[in-house]
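User: Could you take a close look at a single part of this model, a pair of strands and what surrounds them? Please then connect that part to the rest of the chain.

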Amino acid sequence: MSAAFSRWHPIKPIVNWLMLFILLRISFASTEPDVEGEALIDLLRALNDSNGRITDWNDHFVSPCYSWSHVTCRNGNVISLSLASNEFSGTLSPSITKLKFLASLDFQDNSLKGLLPVYLANLTHLQNLNLANNNFRGPISNTWGQLSNLKHLDLSSNDLTGRIPMQLFTVPTFNFTGTRLSCGSSLKEPCASGSSLRVSTKKSKLGRVVTSASCGATILLFIAAIFLYRYYHMRKPKRDVFVDVAGEDDCKISLAN
């Protein structure tokens, strides 16, 4: 009976399958190129971090979601970059468009230069975009109107000119003050929404994310495998061992009348 249980118990193949899956997942993750990690390295080079503010973005590491500062991830994808007040003096690389699920981008209070990037319109998941107090110039591309998920937009204090795409006036919170864009009291469209907050110059203190949901799922699977393994061994029937003790008397109970 015990041998049959050990040979055919259904938990045993489940444990073996889970362990194999975890090993394959770890092996695959160690060799799979990380597109978002490479994109962030290209982005950092173009930003010109001459003061060495960002020191833990390592292109030899598996994924930026494990320990890179200023990066927030969900389900193994970068969803937020908070890089305000880092004294960057370069440009914004097109590599940023490889962050397909980016929802929040904050470069406030730097010295970034160049034309306002047209390709930011490709980040259709963006909900928060803050490029305030930089040195961007030129117009806002009409393609920015396709950023339908935007809830907060701040382009204040840049050398921007021209007309503002009408769709951007429907963003709940927007700020175009301190520019030469066509807006203001003399025009129909305001330069800031009624709920716009004053631009802050304080450095963002967003904490680092040390693990992703993908890593968490792997850990949970590993714990489940251990639990099932222990459960399997605890449920195995134990053999009872009887030992005759020499000289042991039989226990007799007599009832008096």
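Analyst: Happy to! Two strands count as paired if DSSP finds at least two bridges between them. The elements themselves are DSSP runs, numbered from the N terminus: helices are H or I with at least four residues, and strands are E with at least two. This is a predicted model, in which local features need pLDDT of at least 70 and side-chain atom pairs count only at pLDDT 80 or more, while totals for chains, interfaces and linings use all residues. Residues are numbered from 1 along each chain as its sequence is written, and side-chain values use heavy atoms, with hydrogens and water left out.

Let's look at β1 and β2. They pair in the antiparallel sense over 4 bridges, and Thr-72 of β1 stands opposite Ser-80 in β2. Together the two strands form a hairpin with 2 residues between them. In that turn, Asn-75 has a positive phi of about 55°. Most residues other than glycine have a negative phi. His-70, in the loop between α4 and β1, also has a positive phi, near 65°. At 13% relative accessibility, His-70 counts as buried (under 20% relative accessible area; over 50% is exposed, and anything in between is partly exposed, with a 1.4 Å probe and protein chains only).

Strand β2 is mostly covered, with 5 of its 6 residues buried. β2 also has a parallel partner: 3 bridges join it to β3 (residues 104–106), where Asp-106 stands opposite Ser-82. The loop between β2 and β3 holds Ser-85, whose phi is positive as well, near 55°. Ser-85 is buried, with a relative accessible area of 14%.

What does the hairpin help to cover? β1 (71–74) and β2 (77–82), along with α4 (64–67), are included in what covers the buried residues of α3; contact here means heavy atoms within 4.5 Å. Those buried residues are Glu-36, Gly-37, Ala-39, Leu-40, Ile-41, Leu-43, Leu-44 and Leu-47. The 13 residues of α3 (residues 35–47) should span 18 Å at 1.5 Å a residue, and the end C-alpha atoms are 18 Å apart, which agrees; the expected span is 1.5 Å times one less than the number of residues.

Both ends of α3 have details to inspect. At the N-terminal end, Asp-34 acts as a cap, with a side-chain oxygen 3.3 Å from the backbone nitrogen of Glu-36. This is a polar contact: a pair of N or O atoms within 3.5 Å, where within protein one must be able to donate a hydrogen and the other to accept it, and residues adjacent in sequence count only if both atoms are side-chain atoms. After the helix comes Asn-48, with a positive phi near 60°.

Inside α3, Arg-45 forms a salt bridge with Asp-42, the closest N and O atoms being 3.0 Å apart. A salt bridge is a side-chain nitrogen of Lys or Arg within 4 Å of a carboxyl oxygen of Asp or Glu. The two residues are 3 residues apart in the helix, so about one helical turn separates them. Arg-45 is exposed at 55%, whereas Asp-42 is partly exposed at 30%.

A second salt bridge leads back to the loop after β2: Arg-53 pairs with Glu-87, with 2.9 Å between the closest N and O atoms. Arg-53 lies in the loop between α3 and α4 and Glu-87 in the loop between β2 and β3, so the pair ties together parts that are 34 residues apart in sequence. Both are partly exposed, Arg-53 at 33% and Glu-87 at 42%.

On the β3 side, Asp-106 is among the residues touched by Asn-130, as are Leu-105, Phe-107, Gln-108 and Asp-154, not counting residues up to four places away in sequence. Asn-130 is found in strand β5 (residues 128–130) and is buried, at 11% relative accessible area. Its side chain makes a polar contact of 2.5 Å with that of Gln-108, and a polar atom of the Asn-130 side chain lies 3.1 Å from the backbone nitrogen of Ala-132.

Elsewhere, an open sheet of 4 strands has the order β4-β6-β8-β10, with parallel pairing. For the overall setting, the protein has 5 helices and 10 strands, and 39% of its 257 residues are buried.
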